[in-house]
Amino acid sequence: MKKEFTLAECTTDVTKTNNDRNNAFTLAEVLITLGIIGVVAAMTLPSLIQKFREKEYPTKLKKFYAVMENAGRLVEEEYGTVDTWGLSNSFVEDDSSTQEEIDKKTKSVNTFWSRYGEFIGMSSRQKYGQPRTVYGMDKKSVLSNTLKSFWWFNDGTVIRSTWLQTNANTSCSDNNKCGDLSVDLNGDKGPNAVGHDIFFFEITKNGIKPLGYKGDTSRPFDTSCVHGASGAYNGYGCTAWVIYNENMDYLHCDGLGWDKKLRCR
């Protein structure tokens with residue numbers, strides 16, 4: 001049997017509906033709330049992303065170093081130390097060299113990476129990217145505007161540059177310094193700044209070594225990884241710090257050092 005509603009029941013339902021409408025949010029209130037959430041997110045997200053990267057990058061940098069160390073040992077067994085390869089000096093990328101000299105430099109870099117590539121494995125591939133401007137740690141001082149991504153790893157890490165100093169005019173055989181290379185931990189994404197996402201390693205006769213290690217005289221941490229300092233080369237000496245201390249606190253405070261404090265707090 002169909003139920004019939006009384007007038008009193010209908011009045012109660014209408015009153016309830018009106019009360020529900022009065023308790024609901026208006027469109028203006030919703031928009032204001034969303035606007036506040038957006039402002040808060042815009043203020044906090046960059047800080048959260050930065051903190052995440054500072055946790056992620058030491059792990060990625062240590063992984064890269066481990067891969068390159070292992071490859072270096074295998075390269076030496078197969079080809080001998082890099083100072084015996086007959087490579088040409090390729091330190092300057094954007095100079096006024098003749099085409100013959102440029103070809104010789106390119107061949108040397110390709111030789112270096114083809115030999116390392118044999119032992120890096122399927123986790124990487126050779127690929128040339130577009131030139132990128134690279135900055136010092138202050139994100140303002142230009143280190144170079146011609147650095148191309150050269151060797152890509154599956155986790156997004158790329159080799160950004162390779163400079164060799166292995167000819168007879170250098171002291172590669174004497175002091176073990178045969179050049180350097182830079183790795184960009186997030187590929188073509190910004191900020192493309194040394195000490196932030198780009199880190200430098202020294203190429204030696206016995207593999208690669210992170211710059212800024214304790215006792216490094218070419219790019220010491222105390223003068224080449226200085227919080228708040230300007231200059232294109234500030235940030236070169238941060239690599240070993242990130243690998244061994246597993247933090248990037250030099251971006252936030254002064255007073256850090258191998259024989260000083262190892263964290264901001």
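The exercises below work through a predicted model, each with a stepwise solution.

Local features need pLDDT of at least 70 and side-chain atom pairs count only at pLDDT 80 or more, while totals for chains, interfaces and linings use all residues. Residues are numbered from 1 along each chain as its sequence is written, and side-chain values use heavy atoms, with hydrogens and water left out.

**Exercise 1. Outline the fold**

Task: State how many helices and strands the chain has, and give their order.

Solution.
- Step 1. Apply the assignment: helices are DSSP runs of H or I with at least four residues, strands are runs of E with at least two, and both are numbered from the N terminus.
- Step 2. Count the elements. The chain has six helices and eight strands.
- Step 3. Read along the sequence. The pattern is α-α-α-β-β-β-β-β-α-β-β-β-α-α.
- Step 4. Add burial (buried is under 20% relative accessible area, exposed over 50%, partly exposed in between; 1.4 Å probe, protein chains only). Of the 265 residues in the chain, 39% are buried.

**Exercise 2. Classify an aromatic pair**

Task: Decide why the pair Phe64 and Phe153 is edge-to-face, then place both residues.

Solution.
- Step 1. Pick the descriptors. A pair of aromatic rings is described by the distance of the centres and the angle of the planes.
- Step 2. Set the cut-offs. Rings of Phe, Tyr and Trp (its six-membered ring) pair if their centres lie within 6.5 Å; planes under 30 degrees apart are stacked, over 60 edge-to-face, the rest tilted.
- Step 3. Count. This rule gives 17 aromatic pairs.
- Step 4. Classify. The ring centres of Phe64 and Phe153 are 5.6 Å apart and the planes stand at 85°, so the pair is edge-to-face.
- Step 5. Locate. Phe64 is in helix H2 (residues 27–79) and Phe153 in strand S4 (residues 151–153), 89 residues apart, so the pair links distant parts of the chain.
- Step 6. Check burial. Both Phe64 and Phe153 are buried.

**Exercise 3. Find charges over rings**

Task: Which charged residues lie over the rings of Trp85 and Tyr213?

Solution.
- Step 1. Set the test: NZ of Lys or CZ of Arg must be within 6 Å of the ring centre and within 35 degrees of the ring normal.
- Step 2. Take Trp85. The charged end of Arg115 sits over its ring, 4.9 Å from the centre.
- Step 3. Give Trp85 its setting. It belongs to one aromatic cluster with Tyr79, Phe112, Trp113, Tyr116, Phe150 and Trp151.
- Step 4. Take Tyr213. Lys209 lies over its face, at 4.1 Å from the ring centre.

**Exercise 4. Trace the salt bridges**

Task: Follow the bridges of Asp188 and of Glu202.

Solution.
- Step 1. Define the contact: a side-chain nitrogen of Lys or Arg within 4 Å of a carboxyl oxygen of Asp or Glu. The structure holds eight salt bridges.
- Step 2. Start at Arg132. Its side chain meets Asp188 at 3.5 Å, N to O. Arg132 is in strand S2 (residues 132–135), and Asp188, 56 residues away, is in the loop between strand S6 (179–184) and S7.
- Step 3. Add Arg160. Its closest N and O atoms with Asp188 are 3.3 Å apart. Arg160 lies in strand S5 (residues 158–164), 28 residues from Asp188.
- Step 4. Compare exposure. Arg160 is buried at 1%. Arg132 is partly exposed at 24%, and Asp188 is partly exposed at 31%.
- Step 5. Join them. Arg132, Arg160, Asp184 and Asp188 are linked in a network of salt bridges.
- Step 6. Turn to Glu202. It bridges to Lys177, with the closest N and O atoms 3.7 Å apart. Glu202 is in strand S7, and Lys177 is in the loop between helix H4 (172–175) and S6, 25 residues apart.
- Step 7. Check burial again. Glu202 is buried at 8%, whereas Lys177 is partly exposed at 21%.

**Exercise 5. Describe a strand pair**

Task: How do strands S7 and S8 run, and how many bridges join them?

Solution.
- Step 1. Set the rule: two strands pair if DSSP finds at least two bridges between them.
- Step 2. Count. Four bridges join S7 (residues 198–204) to S8 (residues 207–210), and the strands run antiparallel.
- Step 3. Find the turn. A hairpin joins S7 to S8 through two residues. Thr204 stands opposite Gly207 in S8.

**Exercise 6. Contrast two residues of H2**

Task: Is Leu31 buried or exposed, and is Glu54 buried or exposed?

Solution.
- Step 1. Place both. Leu31 is in helix H2, and Glu54 lies in helix H2.
- Step 2. Read the values. Leu31 is exposed at 51%, whereas Glu54 is buried at 14%.
- Step 3. Look around Glu54. Its C-alpha atom is 9.6 Å from that of Asp197, 143 residues apart along the chain.
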